[in-house]
Amino acid sequence: LALIVSLAVVAGTVAVLAPIAAAAPAAPCRVTNLKTGTIYDGTGPNLQRAIDLAAARTTLRVRGTCVGTFTIGRSITLIGWPTAAYPNPTLDGDAAGRVLTVRAGSVSLSHLLITDGAAPAGAGGGGISNYGTLTLRGSTSVSGNVAGDRGGGILSSHGSLVMNGASTVSGNVALHSLGGGGLVDRGRFSMNGNASVSGNTVIAAPFQIVSP
């Protein structure tokens with residue numbers, strides 16, 4: 001779902017308006033637990049249910065677009081499953097909050113788009129907030145998210161963040177001059193392969209900084 005962000009500086013403050021443009025219905029969200037074979041169909045809440053019911057070190061395969069805000073508290077792998085009918089596996093926050101919060105454990109994301117997240121004023125990590133060990137793999141992209149504080153794409157706090165393969169953090173916005181528009185790391189961070197962080201924006205009244 002498209003996220004349109006209007007940013008206005010008024011009397012030294014930044015106002016954020018996020019109307020949602022009309023869009024075609026999202027592709028259905030199908031989640032398959034590859035350990036048990038259980039299939040969860042729906043529009044997004046089914047993904048959280050699959051996460052909640054999964055044992056540690058389970059792999060969940062995601063097809064289509066799962067709309068909502070999601071929380072992971074144990075070691076789990078989410079793998080996007082592109083198909084001819086649904087080529088872009090997506091976790092979409094629908095501008096209703098942060099897309100994904102990793103509270104604990106070792107979490108791996110592969111071949112997924114994390115988008116349309118909106119962390120509220122004073123909160124960082126519009127796309128992802130990480131307190132565990134998070135690895136982005138393959139073509140995973142964190143893009144089109146907004147944070148009311150720092151880390152428009154990802155805020156990684158006192159954990160570990162690794163970007164591998166062709167993973168990217170781009171096109172995100174943070175409303176704090178002291179933090180990265182794309183990514184803020186307060187723990188261990190590494191980038192490997194063709195991974196990149198680029199084209200993100202930090203906005204702080206009365207000026208604008210474009211970060212790498």
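**Close-up views of a predicted model**

**View 1. Aspartate 94 sits in the loop between strand 9 and strand 10 (100–102).** The model shown is predicted. Alanine 95 belongs to the loop between strand 9 and strand 10 as well. Aspartate 94 is not a glycine, yet its phi is positive, at about 55 degrees. Alanine 95, also not a glycine, has a positive phi of about 55 degrees. Most residues other than glycine have a negative phi. Are these two residues buried, partly exposed or exposed? Aspartate 94 has 29% relative accessibility, so it counts as partly exposed. Alanine 95 has 23% and counts as partly exposed too. The cut-off matters here, because buried means under 20% and exposed means over 50%.

**View 2. Threonine 90 lies in strand 9 (residues 90–92).** Its relative accessible area is 7%, so threonine 90 is buried. A polar atom of its side chain lies 2.7 Å from the backbone oxygen of asparagine 88. Which residues does threonine 90 contact, leaving aside neighbours within four places in sequence? They are Gly64, Thr65, Cys66, Leu112, Leu113 and Thr115.

**View 3. Asparagine 172 occupies the loop between strand 20 (168–170) and strand 21 (173–174).** Its relative accessibility is 0%, so this loop residue counts as buried. What lies 3.0 Å from a polar atom of its side chain? It is the backbone oxygen of valine 142. Beyond residues up to four places away in sequence, asparagine 172 touches Val142, Ser143, Gly144 and Asn145. Its list of contacts also includes Gly152, Gly153, Gly181 and Gly182. Gly199, Asn200 and Thr201 are on that list too. Threonine 115 is 57 residues away from asparagine 172 along the chain, and their C-alpha atoms are separated by 9.0 Å.

**View 4. The largest nonpolar core has 32 residues.** Which members touch the most other members? They are Leu47, Leu78, Leu91 and Leu109. Helix 1 (residues 45–53) supplies the largest share of this core, three residues. In soluble globular proteins, nonpolar side chains tend to be buried together. Now look at leucine 109. Not counting residues up to four places away in sequence, leucine 109 touches Leu78, Leu100, Ile114, Ile128, Leu134 and Leu136. Thr135, Arg137 and Thr140 are also among the residues touched by leucine 109.

**View 5. The charged end of arginine 61 sits over the ring of tryptophan 81.** How far is this charged end from the centre of the ring? The distance is 3.8 Å. As for pairs of aromatic rings, the count comes to zero.

**View 6. The whole protein chain holds one helix and 26 strands.** The chain has 212 residues, and buried residues make up 46% of them. Asparagine 172 and threonine 90 are among those counted as buried. The protein chain exposes about 9,000 Å². Carbon and sulfur atoms supply 55% of that area. How much of the contact set links residues 24 or more positions apart? Among contacts with a separation of 6 or more, such pairs account for 64%.

Notes
Residues numbered from 1 in each chain as written. Predicted model: local features only at pLDDT ≥ 70, side-chain atom pairs only at ≥ 80, totals over all residues. Heavy atoms only, no water. Helix = DSSP H or I, 4+ residues; strand = E, 2+ residues; numbered from the N terminus. Buried < 20%, exposed > 50% of the residue type's maximum accessible area, 1.4 Å probe, protein only. Contact = heavy atoms within 4.5 Å. Areas by Shrake-Rupley, 256 points an atom, 1.4 Å probe, with all protein chains shown as cover. Polar contact = N/O pair within 3.5 Å; in protein donor to acceptor, adjacent residues only side chain to side chain. Core = buried A, V, L, I, M, F, W, Y, C linked by side-chain atoms within 4.5 Å. Phe/Tyr/Trp six-rings, centres within 6.5 Å; stacked < 30°, edge-to-face > 60°. Lys NZ or Arg CZ within 6 Å of the ring centre and 35° of its normal.
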